[in-house]
Amino acid sequence: MVAKYWKKVLFIILIIACLFNVVNKLVQKTSLLNEIQSSVQFISNHKTENENN
């Protein structure tokens, strides 16, 4: 009987942890401007490396 309660408690903790992980990923999303700037920097670095070779 105690095992049923532990199973339910651990299942609820697992669900809460998964929800916390999803919400945290949505909140910590980087801005579009930062993504575009990093992409431009990566492409320009890649072009200069190809030009040097």
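This report walks through the overall form, the helices and a surface patch of a predicted model.

Residues are numbered from 1 along each chain as its sequence is written. In this predicted model, local features need pLDDT of at least 70 and side-chain atom pairs count only at pLDDT 80 or more, while totals for chains, interfaces and linings use all residues, and side-chain values use heavy atoms, with hydrogens and water left out.

Let's start with the overall form. The protein has two helices and zero strands; these are DSSP runs numbered from the N terminus, with helices being H or I of at least four residues and strands E of at least two. Its C-alpha atoms fill a box of roughly 70 × 25 × 5 Å along the principal axes. The radius of gyration is 23 Å, whereas a compact globule of 53 residues would have one near 10 Å (taken over C-alpha atoms; the globule rule is 2.2 Å times the number of residues to the power 0.38). The accessible surface comes to about 5500 Å², with 68% of it belonging to carbon and sulfur atoms (Shrake-Rupley method, 1.4 Å probe; for residues, only the protein chains shown count as cover). Of the 53 residues, 0% count as buried, meaning under 20% relative accessible area, with exposed over 50% and partly exposed in between.

Now to the helices. The 26 residues of α1 should span 38 Å at 1.5 Å a residue, which agrees with the 37 Å between its end C-alpha atoms; the expected span is 1.5 Å times one less than the number of residues. Helix α1 is hardly covered, with zero buried residues.

Here is one residue from each helix:

| Residue | Helix | Relative accessibility |
|---|---|---|
| V9 | α1 (residues 2–27) | 40%, partly exposed |
| N34 | α2 (residues 32–52) | 42%, partly exposed |

The C-alpha atoms of N34 and Y5 are separated by 47 Å, at 29 residues apart along the chain.

V9 also joins V2, W6, L10 and I13 in a nonpolar surface patch of about 520 Å².

Technical notes
Patches are made of residues with over 30% relative accessible area and no salt bridge: like charges are joined within 9 Å, nonpolar side chains (Val, Leu, Ile, Met, Phe, Trp, Tyr) within 5 Å. A salt bridge is a side-chain nitrogen of Lys or Arg within 4 Å of a carboxyl oxygen of Asp or Glu. Buried means under 20% relative accessible area, exposed over 50%, partly exposed in between (1.4 Å probe, protein chains only).
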